[in-house]
Amino acid sequence: MSDTLAAERPAYHYAVIARALAEIDAGGPSLSLDELAGRIGLSPAHFQRIFSQWVGVSPKRYQQYLTLDHARRLLAERFTLLDTSLAAGLSGPGRLHDLFLRWEAMSPGDFARAGEGLTIRWACVPSPFGEALVMATDRGICGLAFCEETGRTAAMADLMARWPRAQYVEDEATVAPLAAQAFSGGETRLHLIGGPFQIKVWEALLRIPSGHVTTYSEIASAVGHPRAVRAVGTAVGRNPVSFLIPCHRALRKSGGLGGYHWGLPVKRAMLAWEAARADAIA
């Protein structure tokens, strides 16, 4: 594969990031660019190009975002108080940080019918974080999973189990443009299915700016149930449109990553990608 072709493939980018994560964890953040590139099996120049195209900063700087203690640094330096965000008018439809999201929840009746009578179109598409499974109704994207850690079969079974009575149609021609627009930060419509408590938690997640984080306990307080931290964690894990509703920005109070439905390496890569891009813009 030529350097040019490889650099144009998001799945290839994520594969390099995943290998870099493993090598940094094994060798520590003090690895030089040459050492890290060599362990991954790339030339330093190729490695530099991949990182610069993928995230906009140099590999050496990006290394700092991939380290295991990065979540703790984010919590100390970029913690978001959700009530402050709410007061600033960042909730609800409209411009929500880095994505222009317009969304609506399915009706309680739709939720109770588990998707019966609903046609859901789906496709597996490239994303900045490897292969993604994207599902959509006529009203917008209703499912987004990442397949690199779990596998395509498991991701498909997971999303289909949320709407077991829906009709599923593979339709790359319809779904791929929606996904491309969403990953590029374009206007994106979401059609969410969830219970009232879940919807409140997902609304809170939408108030976390890109490059910032909050805690599960902060989300619990923001939705009016300060003691329901475990229930919040469950609702975060049931988020049907990962990344677009940024459940990866929720951390434990200790600075631990917590869980991530599609694999912790994906969550680490997302947090590092967003923080690096935010710093590059700043």
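Helix axes here are lines fitted to C-alpha atoms over the stretch in contact, and the angles between them run from 0 to 180 degrees between N-to-C directions. With that in hand, welcome to this predicted model. Its chain has 282 residues, and buried residues make up 52% of them. The secondary structure comes to 14 helices and 9 strands. Among contacts with a separation of 6 or more, 69% join residues that are 24 or more positions apart.

**How confident the prediction is**

- Averaged over the chain, the pLDDT is 81, and 85% of the residues score at least 70.
- Confidence is highest in strand E6, with a mean of 97, and lowest in strand E1 (residues 94-96), with a mean of 35.
- Residues 1-8 have a pLDDT below 50, and this stretch has 11 contacts in the model beyond near neighbours in sequence.
- Residues 84-100 also deserve a careful eye: pLDDT stays under 50 there. For this stretch the model has 34 contacts beyond four places in sequence.

**Helices H3 and H4**

- Two packed helices are described by the angle between their axes and the distance between the axes.
- Helix H3 covers residues 33-40 and helix H4 covers residues 44-54. Their axes come within 9 Å and cross at roughly 90°.
- Angles of 65 to 115 degrees count as roughly perpendicular, so H3 is roughly perpendicular to H4.
- On the H3 side, the contact is made by Leu-33, Asp-34, Leu-36, Ala-37 and Ile-40. Pro-44, Phe-47 and Gln-48 make it on the H4 side.
- Sorted by class, the contact of H3 with H4 has 6 nonpolar, 1 polar and 1 charged residues.

**Helices H11 and H13**

- Further along the chain you will find helix H11 (residues 196-205) and helix H13 (residues 229-237), whose axes come within 9 Å and cross at roughly 80°.
- This crossing makes H11 roughly perpendicular to H13.
- From H11, the residues that meet H13 are Phe-197, Gln-198, Val-201, Trp-202 and Leu-205. Their partners in H13 are Ala-231, Val-232, Ala-235 and Val-236.
- The contact of H11 with H13 has 8 nonpolar residues, 1 polar residue and no charged residues.

**Strand E3 and its two partners**

- Strand E3 (residues 119-127) pairs with strand E6 (residues 167-170) in the parallel sense, over 4 bridges.
- E3 also pairs with strand E4 (residues 130-137), here in the antiparallel sense and over 7 bridges.
- A hairpin through 2 residues joins E3 to E4.
- Trp-122 is a handy landmark for both pairings. This residue stands opposite Glu-170 in E6, and Trp-122 also stands opposite Met-135 in E4.
- As background, in a regular strand the side chains alternate between the two faces of the sheet.

**Two residues with positive phi**

- Most residues other than glycine have a negative phi. Two residues in this chain are worth a look with that in mind.
- Ala-114 has a phi near 55°, a positive value in a residue other than glycine. Ala-114 lies in the loop between helix H8 (108-112) and E3.
- The relative accessible area of Ala-114 is 14%, so this residue is buried.
- Phe-243 has a positive phi of about 75° although it is not a glycine. Phe-243 is found in the loop between H13 and strand E9 (250-251).
- With a relative accessible area of 4%, Phe-243 is buried.

**Two buried residues and their surroundings**

- Buried means under 20% relative accessible area, so Gly-211, at 4%, is buried.
- Gly-211 lies in the loop between H11 and strand E8 (214-215).
- Leaving aside neighbours within four places in sequence, Gly-211 is in contact with Leu-74, Arg-78, Glu-274, Ala-275 and Ala-278.
- Gly-211 and Ala-272 are 61 residues apart in sequence, while their C-alpha atoms are 8.2 Å apart in space.
- Ile-219 is found in helix H12 (residues 216-222). Because its relative accessibility is 0%, Ile-219 counts as buried.
- Between the C-alpha atoms of Ile-219 and Gly-233 the separation is 9.3 Å, and these residues are 14 residues apart along the chain.

Key. Residues are numbered from 1 along each chain as its sequence is written. Side-chain values use heavy atoms; hydrogens and water are left out. Two strands pair if DSSP finds at least two bridges between them. Angles under 35 degrees count as roughly parallel, over 145 as roughly antiparallel, 65 to 115 as roughly perpendicular and the rest as oblique. Contact means heavy atoms within 4.5 Å. Ala, Val, Leu, Ile, Met, Phe, Trp, Tyr, Cys and Pro count as nonpolar, Asp, Glu, Lys and Arg as charged, and the others, Gly among them, as polar. Buried means under 20% relative accessible area, exposed over 50%, partly exposed in between (1.4 Å probe, protein chains only). pLDDT is the predictor's confidence in each residue, from 0 to 100.
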